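Here are a few friendly notes to read alongside the model. Take them one at a time, with the structure open beside you.

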Amino acid sequence: MELDQFILSLFFIGLAIVLIAALIGFTTNRWQNFRRSKRQIRCRICSHRYMDHKKDKISECPNCQAKNKR
Ligand SMILES: [Zn+2]
């Protein structure tokens, strides 16, 4: 293998690694956003957005104490 071929293949391997890392980062970010949006609840009374970590079907708004369905 010639030196410039080696450098070229090294470049493409590096490029592939960067692309894979970017893809993994992007997918993880999307997945976290998806999970967050499932936990996030928008209050039907005051439109306040809040996170609900409990698994109850009805959660209470921390802003106005209204009961919200998931
Ligand atoms: Zn509310």
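1. Let's begin with S47, which sits in the loop that links β1 (40-42) to β2 (49-51). Please keep in mind as you look that this is a predicted model. The phi angle of S47 is near 60°, a positive value in a residue that is not glycine. Is S47 buried or exposed? S47 counts as exposed, because it has 10 C-beta neighbours inside 10 Å, and a residue with 12 or fewer falls in that class.

2. Next, have a look at Q65. Its place is in the loop between β3 (58-60) and β4 (67-69). Q65 is not a glycine either, yet its phi is positive, at about 65°. The neighbour count for Q65 is 10 C-beta atoms inside 10 Å, so this residue counts as exposed.

3. Now move on to R70, which you will find in the segment after β4. R70 has 11 C-beta neighbours inside 10 Å and therefore counts as exposed. Which residues does R70 touch, leaving aside those up to four places away in sequence? They are I41, K57 and S59. Of these, I41 lies within β1 (40-42), while S59 belongs to β3 (58-60).

4. While you are at R70, it is worth finding K38 too. These two residues are 32 positions apart along the chain, and their C-alpha atoms are separated by 8.7 Å.

5. With those residues in mind, step back to the whole chain. How many helices and strands does the chain have? There is one helix, and there are four strands. Reading from the N terminus, the order of the elements is α-β-β-β-β. The radius of gyration of the chain is 23 Å, well over the 11 Å that the globule rule gives for 70 residues, so the chain is more spread out than a compact globule.

6. The dimensions of the trace are useful to have beside that value. Along its principal axes, the C-alpha trace of the chain spans about 70 × 20 × 10 Å.

7. Two percentages round off the picture. Of the 70 residues in the chain, 3% are buried. Among contacts with a separation of 6 or more, 11% are between residues 24 or more positions apart.

Note on methods. Residues are numbered from 1 along each chain as its sequence is written. This is a predicted model: local features need pLDDT of at least 70, side-chain atom pairs count only at pLDDT 80 or more; totals for chains, interfaces and linings use all residues. Helices (H or I, at least four residues) and strands (E, at least two) are DSSP runs, numbered from the N terminus. A residue is buried if 20 or more other C-beta atoms lie within 10 Å of its own, exposed if 12 or fewer, and partly exposed in between; C-beta atoms are placed from the backbone. Two residues are in contact if their C-beta atoms, placed from the backbone, lie within 7 Å. The radius of gyration is taken over C-alpha atoms; the globule rule is 2.2 Å times the number of residues to the power 0.38.
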